[in-house]
Amino acid sequence: MTDFPALIVSRDDATKAYAVTRSRLSEADLMPGDVTVAVEWSTVNYKDGLALTGKGPVVRRFPMVPGIDFAGRVTASGHPDFTVGDEVILNGWGVGEVHFGAYAGLARVKGDWLIKRPAELSARRAMAIGTAGYTAMLAILALERHAITPARGPVLVTGAAGGVGSIAVAVLARLGYTVLASTGRPQEADYLRQLGAGDIVERSELSAPGKPLGRERWAGAVDSVGSTTLANVLAQTSYGGAVAACGLAGGADLPATVMPFILRGVSLLGIDSVNAPISIREEAYRRLVRDLDFDQLDRLTTEVEFADLVDVGHDILAGKVRGRVVVKIG
Ligand code: NDP
């Protein structure tokens, strides 16, 4: 490949004006790394929305190729674990933030950041999962480690119609949990029930400041919203329960009290996908292959055009994107 299409984010040093342009790069423009990958599919996560619009300090080096996830085929490798032709997945590691990312025909990265794509998963479905879906699985694994079994009671998912939320709902329901799906979009109630939600919780029930302790409503939760919502989720978690916190769609603060921790033994479990070790990633993908219904995955996935990425970035930040989005790159 001599040159290839790429999306470039730049920022003017003096005016701080943020610009996203479609351009072409050559292999020599790529950043150092020991594996080169022909990118086949990518996706748009919430963090990509921040990078595509400049509404959050995700891109920390300019110019940058955004895109935090890709699936593709190895075209060159100096890494002992990868050879030409291997099908690989990359999620996170600062790619699309400080290292050229997924929205380009070629990517050159560290082999230590890659995992082999499971044979059961097409490149498109790997990106339908993406960081959002793999994070949902990390959150579910954390709840399981905390012995939150279906018998313990319902599990709440906040931001349920979003990417992390949709995959969490689908996987939890398939595992036999009673899933309570919290959404601010009542029009998505049928969609969430089709994914397996047993009941819908109005976003407004959780988004206004509440009491330090409330009625015990769920044994566990996957929270992608943060802020007051997370405080209320903790306050309504039953005795000995656990909340996996992975997002900040509603805010990065946490206006909570310690009451759920010290009076109900509730645990707050932190979830990070970006720097998670390879062994945990591989476990998450093994479980996704086993526990995610691929027909459900296809139903919650929308395909967008490369040319529309910036618009989709604005939409995801506005909470308008349902489920997951994929984009064909190569
Ligand atoms: P999406 O935009 O797809 O989903 C977020 C959902 O949150 C929306 O669909 C909406 O759901 C809800 N929401 C949006 N705005 C608000 C608001 N102001 N108040 C309450 N709810 C709101 O994003 P993703 O699923 O890709 O990511 C979700 C969050 O998780 C993001 O904050 C992201 O940064 C974080 N994340 C963290 C990771 C980690 O490693 N810890 C990895 C991946 C994501 P609804 O319409 O149903 O209410």
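These exercises with worked solutions deal with a predicted model.

**Exercise 1. The parallel sheet**

Task: Find the strand order of the open sheet with 6 strands, and state which strands stand at the edges.

Solution:
- Step 1. Read off the order: β10-β9-β8-β11-β12-β13. The pairing in this open sheet is parallel.
- Step 2. Look at the ends. β10 (199-202) and β13 (267-270) each have a single partner strand, so one side of each lacks a neighbour in the sheet.
- Step 3. Get the twist. On average, neighbouring strands of this sheet are turned by 20° against each other, direction ignored.
- Step 4. Check one pair. Strand β9 (residues 179-183) runs parallel to β10, and 4 bridges join them. Leucine 180 has aspartate 199 as its bridge partner in β10.
- Step 5. Add a helix. α3 packs on the sheet and touches β8 (155-157), β9 and β11 (218-223). The direction of α3 makes about 155° with that of β8.

**Exercise 2. A residue in β8**

Task: Decide whether leucine 156 is buried or exposed, and list what it touches.

Solution:
- Step 1. Place the residue. Leucine 156 lies in strand β8.
- Step 2. Apply the cut-off. Buried means under 20% relative accessible area. Leucine 156 has 0%, so it is buried.
- Step 3. List the contacts, leaving out residues up to four places away in sequence. Leucine 156 touches Leu180, Ser182, Val201, Leu206, Trp218, Gly220, Ala221, Val222 and Val233.
- Step 4. Take one distance. Threonine 178 is 22 residues from leucine 156 along the chain, and their C-alpha atoms are separated by 8.6 Å.

**Exercise 3. A covered helix**

Task: Establish how many residues of α6 are buried, and what covers them.

Solution:
- Step 1. Locate the helix. Helix α6 (residues 227-235) lies across β8, β11, β12 (237-245) and β13. It runs at about 150° to β12.
- Step 2. Count. In α6, 9 of its 9 residues are buried.
- Step 3. Name them: Ser227, Thr228, Thr229, Leu230, Ala231, Asn232, Val233, Leu234 and Ala235.
- Step 4. Identify the cover. It includes β8, α5 (204-207), β11, β12, α7 (259-264) and β13.

**Exercise 4. Two helices against α8**

Task: Classify how α3 and α2 are oriented to α8, then break down each contact by class.

Solution:
- Step 1. Take α3 (residues 163-174) and α8 (residues 278-291). They pack at about 65°, with axes 10 Å apart.
- Step 2. Classify. The range 65 to 115 degrees counts as roughly perpendicular. α3 and α8 are therefore roughly perpendicular. The crossing is left-handed.
- Step 3. Name the contact residues. α3 gives Ile167, Val171 and Arg174; α8 gives Leu288, Arg290 and Asp291.
- Step 4. Sort the α3 contact with α8: 3 nonpolar, no polar and 3 charged residues.
- Step 5. Turn to α2 (residues 123-145). It packs on α8 at about 95°, with the axes 9 Å apart. α2 and α8 are therefore roughly perpendicular as well.
- Step 6. List this contact. α2 gives Ile129, Gly130, Gly133, Tyr134, Met137, Leu138, Leu141 and Glu144. α8 gives Ile280, Arg281, Glu283, Ala284, Tyr285, Arg287, Leu288 and Asp291.
- Step 7. Sort the α2 contact with α8: 9 nonpolar, 2 polar and 5 charged residues.

**Exercise 5. An oblique pair**

Task: Describe the crossing of α1 and α10.

Solution:
- Step 1. Take the geometry. The axes of α1 (residues 46-53) and α10 (residues 309-317) come within 8 Å and cross at roughly 120°.
- Step 2. Classify. α1 and α10 are therefore oblique to each other. Their crossing is left-handed.
- Step 3. Name the residues. α1 uses Tyr46, Gly49, Leu50, Leu52 and Thr53. α10 uses Leu309, Val310, Gly313, His314, Ile316 and Leu317.
- Step 4. Sort the contact of α1 with α10: 7 nonpolar, 4 polar and no charged residues.

**Exercise 6. Strands buried on both faces**

Task: Show which residues of β5 and β6 point to each side, and find the pairing partners.

Solution:
- Step 1. Recall the rule. Side chains of a regular strand alternate between the two faces of the sheet.
- Step 2. Apply the rule to β5 (residues 87-91). Glu87, Ile89 and Asn91 point one way, Val88 and Leu90 the other. Of the 5 residues, 5 are buried, so β5 is largely enclosed by the rest of the structure.
- Step 3. Find the partners of β5. β4 (residues 69-77) pairs with β5 in the antiparallel sense over 5 bridges. Aspartate 69 is bridged to asparagine 91. β7 (residues 115-116) also pairs with β5 in the antiparallel sense, over 2 bridges. Here valine 88 has lysine 116 as its bridge partner.
- Step 4. Repeat for β6 (residues 106-109). Leu106 and Arg108 lie on one side, Ala107 and Val109 on the other, and all are buried.
- Step 5. Find a partner of β6. β3 (residues 35-43) pairs with β6 in the antiparallel sense over 4 bridges. Valine 37 stands opposite alanine 107.

Terms used: Residues are numbered from 1 along each chain as its sequence is written. This is a predicted model: local features need pLDDT of at least 70, side-chain atom pairs count only at pLDDT 80 or more; totals for chains, interfaces and linings use all residues. Side-chain values use heavy atoms; hydrogens and water are left out. Axes are lines fitted to C-alpha atoms, for helices over the stretch in contact, and angles run from 0 to 180 degrees between N-to-C directions. Angles under 35 degrees count as roughly parallel, over 145 as roughly antiparallel, 65 to 115 as roughly perpendicular and the rest as oblique. A crossing is left-handed if the near helix is turned anticlockwise from the far one by less than a right angle, and right-handed if clockwise. Contact means heavy atoms within 4.5 Å. Ala, Val, Leu, Ile, Met, Phe, Trp, Tyr, Cys and Pro count as nonpolar, Asp, Glu, Lys and Arg as charged, and the others, Gly among them, as polar. Buried means under 20% relative accessible area, exposed over 50%, partly exposed in between (1.4 Å probe, protein chains only). Two strands pair if DSSP finds at least two bridges between them.
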